[in-house]
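Here are some notes to read alongside the model, written for someone opening it for the first time. They go through one helix, a surface patch, two backbone angles and a set of salt bridges.

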Amino acid sequence: MSTGSTGQCYASLSYIGYRSQEIAVGNQLSINITMQEDTQNIDEVVVVGYGVQKKETVTGAVSTLKGDDLIKTPVANLSNAIAGKMSGVVTFQRSGEPGYDGATIRIRGSNTLGNNDPLVVIDGVAARTGGLERLDPNEIETMSVLKDASAAIYGARAANGVILITTKKGRAGKKPVFSYSFNQGWSKPTNLPEMCDAPQYAELMNELYMNKAMKNPAKNNGVGMGDYTLFATQEEIQKYRDGSDPWRYPNTDWYAATFKDWSPQRIHNASLEGGSDKYQYFVNFGHKYTDGLYHKSANNYKQFNLRMNVDAQLNDFIKVGTQLMGRQENRNFPSQGAGDLLWFTSRGRPTDQAYWPNGLPGPAQEYGRNPVVACTDETGYTHDKRYYIQTNANVEITQPWIEGLKLVASVSYDKYLKQSKTWFQPWTLYDWDKVSYESDGTTPKLTPMLSYPNHEDPDLSMESTDQTNTVLSGIMTYNRVFGDHGVDFLIGMERDWSDAESFNGYRRYFLSTALHHFNAGGDKEKNAKSDGDNWERARMNYFGRFAYNYKEKYLAEFVWRYDGSYMFAAGERFGFFPGVLLGYRISEEDFWKENLSFINYFKLRASWGQMGNDQVYYDDKLREYQFAPTYYYEWGYIIDNADEKGLRISRFPNPAISWERANNFNVGIEARTFDNRLYLEADYFYNKRSNILWRRNASIPTTSGLTLPAENIGKVNNTGFDFKIEWNDNIGKDWRYSISATGGYAKNTIKFWDEAPGAPEWQKSTGHPMNTSLYYEYDGVFKDWDEINDIANRPNYDGITKDADLKPGDMKFKDLDGDGKITPDDRYRSDRTNEPKWTYGITGYLQWKNFDLNILFQGAADSWTKVYWEAGDIGNYPKTVYDKHWSIDNPSDKYPRVNERSQYYWDGTAAGSNTYWMVNTNYIRLKNLEVGWSIPKAWLLQTKFISYARLYVSGVNLLTFSPSKDIDPESTSSNATNYPQSKIINVGFTVTF
């Protein structure tokens, strides 16, 4: 209570997570006050490495997200619920296939030529098998991302950043609360390419045949056209168009024949939580089902998950906790992969039958495949079952003699089992020779044809994996405040080890195709594809943190880890990884409060940390045990006329191999103003990565006969910034709203790796981003024979094709080296890659009484993908080619003539890598839209047992705006062979008892 200058009495109210308010009391005996939530203060405690810190004293660049924010995007894969919600966290989803629909996650872009995946820590245990993708968001309390030196406490696995996930626990003094939620969704592809219909395809094929017959009049006595046969006459094209003869002249939409309009998915979740001063508990059960997008789909994903977290206070000094998670994942697929299915769907000629008018499947396109059959279980199936059991147990000990001192001992034991079964069987398709009929003389006589890629009998492959992970740790912490001085001290040790064993077996020659069992197969060729593997891994480390603050104004923190990894030789196994972080809450200074009081909070941060990456990759493979020679078993040794297995060396050692080393610098600010309604954080970072594992496979000529071991020679720099800005406010007592924007920019540069000597400067990759390529620069097309025959004013093309074979409609390229010839030296190194440099998200929330609206726009910029189609006799053309191409009747100087599966220099291996095929994949999505209604509590009170209920409708990936029209902008497929992402419509409810 306080008294103003006028004598008026005021009541001051404050509570964690809500804005402080002063209310004039007057002569009121009672006051009803609705406190306004302060979303910036509600996360007063931030999870960091091996502990928590007050948000005001955090000195690192840490992005946070609540589990409730993840639930708002109801998707089967948790990684797809992160996009656009945290600054500095980049996600891109390449495939939407149920079971393999996870997003790639990058923290501040890519930093290495090897593995760029961040370390995921779940309830204090690092790199748990299964990662975060299949976690139930209803189990998650918070997610924190360590983006700078704050990650150094995780040492040799922290160079790519660290994601910390903390699951929910029960709360003391809370009565048992049971909640149930259900979500029913329907999905369809976000984007499918628009292909030519049969009449359009026939017209393009006619042009293709005519183009092949073109002759240079200057070399053929004025004759400009040779003999040719049309693909279809105008009368036949009309029959394709009007559907008057569907047996002979079909008009097949292969995407419509393969994909359903909508596919179902559903999510169930039930939880129970509560507790007292002595014990607390949280139990959650979830189920997910996602159907594939195909007709009669053999593809789907099912998941069952259970979590139990229990804590108990045994006495005043001892507290114990246990955490148990079990999850079963069932993945079902056709026997043929999504890439092959989508490849044949995109290539499907509209003049071919998917199904004959009598319902039988049409003939094969190539390799015996018809995608409408291949997507079902008629060709076989893959059943993939995975089981995860993850356990934690810990004991916390405090004592009365040293205030603030705590000891924590913990153990985790995880088990992972995988059973996979692939049954492959031949299938029947039907063809018609166009002359044979049934006995009635009118019904076409179809010929059944047994189709198979390799052999005409079934085969069975089975795989089994058994993996165990164990972690032991002990941590001592000391946290005290001495007047104006705050001290936070932590020291700990951790040991983890894991082992795995797997085998796969193969059988053919089954007694019956009805018996899909391993013991029903024959012994012949059983060793052809049978194999096994096993490994052991171990790490030992010591770590610590010392943080000091004065009046929570001047902040300093030192973190470290002494890390040992099994990846390296004994003398190179351990390394020290430090981090230094500084902070200054300048808004706590008197001069600030007196002159800049409208800025309620302002903090400066700076950090430097050295971290490692022991996940050393090249050629997309983890290179374990590089310090020692390795061997493998193989068949093929004939001893006494028998095929025996022998031992063969597979690699020569490099004992000096070590981890990648990252030196990461960061400066940032945090600010709140307008009575804490506006919040801003922004960071600039500069990451230097060295010791990247790479081979000298470019500077050493292949003629030397040497294959050198990989060395720690690579260097990459990565720089950029990220930010978050958020506004929260109320309008009266009924309206509440917020809007926030997150974004960032990251660009990497190769400073050193092995390159071939003598390459032109404009082709070298050093000094450019990773994963760049060489391209010919597209410069229009030859419009007519006059331009081709004007050889004095154009470069010669003999360096990539026969110059004498050039035709109108062929592509032109720029002569970059100015030598008058188009050769491979005219390719240039483009900075365009398929990984975006800019990412952003815009989130909005609006509440009016019991109605609420959540909306998220998410996007990316500066990314490019090559989009090219195998077309012609082999397959269909996209509609864009029909709309924009060179033709005899409509010559163009901008668009090339129709192509035919790598037959020309500009669409084949010679110069197919050119900028014409590069498509800008910038995009912005309406990632999530949800409208909800919470049933008024006055209504619920009448039930006497329901405390909360909410209904909602939502959509995921509802709209996408992008220059990329034929493929999803997050896809990297050049011809739409990636399984498409899904647009999802959901309805659901939540009820709490």
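**Notes on the model**

1. The model is a predicted one, and the points below should be read with that in mind. A convenient place to begin is helix α2, which runs over residues 198-212. At 1.5 Å a residue its 15 residues should span 21 Å, and because the C-alpha atoms at its ends are 21 Å apart, the expected and modelled values agree.

2. Helix α2 is mostly covered, with 12 of its 15 residues buried; among them are P199, Y201, L204, M205 and Y209. The cover over these buried residues includes α3 (234-242) and α9 (879-883). At the N-terminal end of α2, D197 acts as a cap, with a side-chain oxygen placed 3.0 Å from the backbone nitrogen of Q200, and Q200 is itself one of the buried residues of the helix.

3. On the surface there is a nonpolar patch with about 1000 Å² of accessible area together, whose members include W186, W262, W735, W848, F851 and V953. Strands β40 (838-848), β41 (851-861) and β46 (982-992) each supply at least two residues of this patch. V953 is found in strand β45 (residues 948-961) and is partly exposed, with a relative accessible area of 45%.

4. Two backbone angles deserve a careful look, since most residues other than glycine have a negative phi. K296, which is not a glycine, has a positive phi of about 50°; it is found in the loop between β15 (279-291) and β16 (300-313) and counts as exposed at 60% relative accessibility. Y509 likewise has a positive phi, of about 60°, and lies in the loop between β23 (485-508) and β24 (531-550), where Y509 is partly exposed with a relative accessible area of 30%.

5. A search of the whole structure finds 58 salt bridges. In one of them the side chains of K54 and E552 meet at 3.1 Å, N to O. K54 lies in strand β5 and E552 in the loop between β24 and β25, so this pair ties together parts that are 498 residues apart in sequence. K54 and E552 also belong to a network of salt bridges that links them with R585, E588 and K593.

6. Two further salt bridges can be set side by side. R386 and D384 meet at 2.9 Å, N to O, and both residues are buried. R480 and E403 meet at 3.8 Å, N to O, and this pair links strand β22 with the loop between β18 and β19, 77 residues apart. E403 counts as exposed, at 54% relative accessibility.

Technical notes. Residues are numbered from 1 along each chain as its sequence is written. This is a predicted model: local features need pLDDT of at least 70, side-chain atom pairs count only at pLDDT 80 or more; totals for chains, interfaces and linings use all residues. Side-chain values use heavy atoms; hydrogens and water are left out. Helices (H or I, at least four residues) and strands (E, at least two) are DSSP runs, numbered from the N terminus. The expected span of a helix is 1.5 Å times one less than its number of residues. Buried means under 20% relative accessible area, exposed over 50%, partly exposed in between (1.4 Å probe, protein chains only). Contact means heavy atoms within 4.5 Å. A polar contact is a pair of N or O atoms within 3.5 Å; within protein, one must be able to donate a hydrogen and the other to accept it, and residues adjacent in sequence count only if both atoms are side-chain atoms. Patches are made of residues with over 30% relative accessible area and no salt bridge: like charges are joined within 9 Å, nonpolar side chains (Val, Leu, Ile, Met, Phe, Trp, Tyr) within 5 Å. Accessible areas come from the Shrake-Rupley method with a 1.4 Å probe; for residues, only the protein chains shown count as cover. A salt bridge is a side-chain nitrogen of Lys or Arg within 4 Å of a carboxyl oxygen of Asp or Glu.
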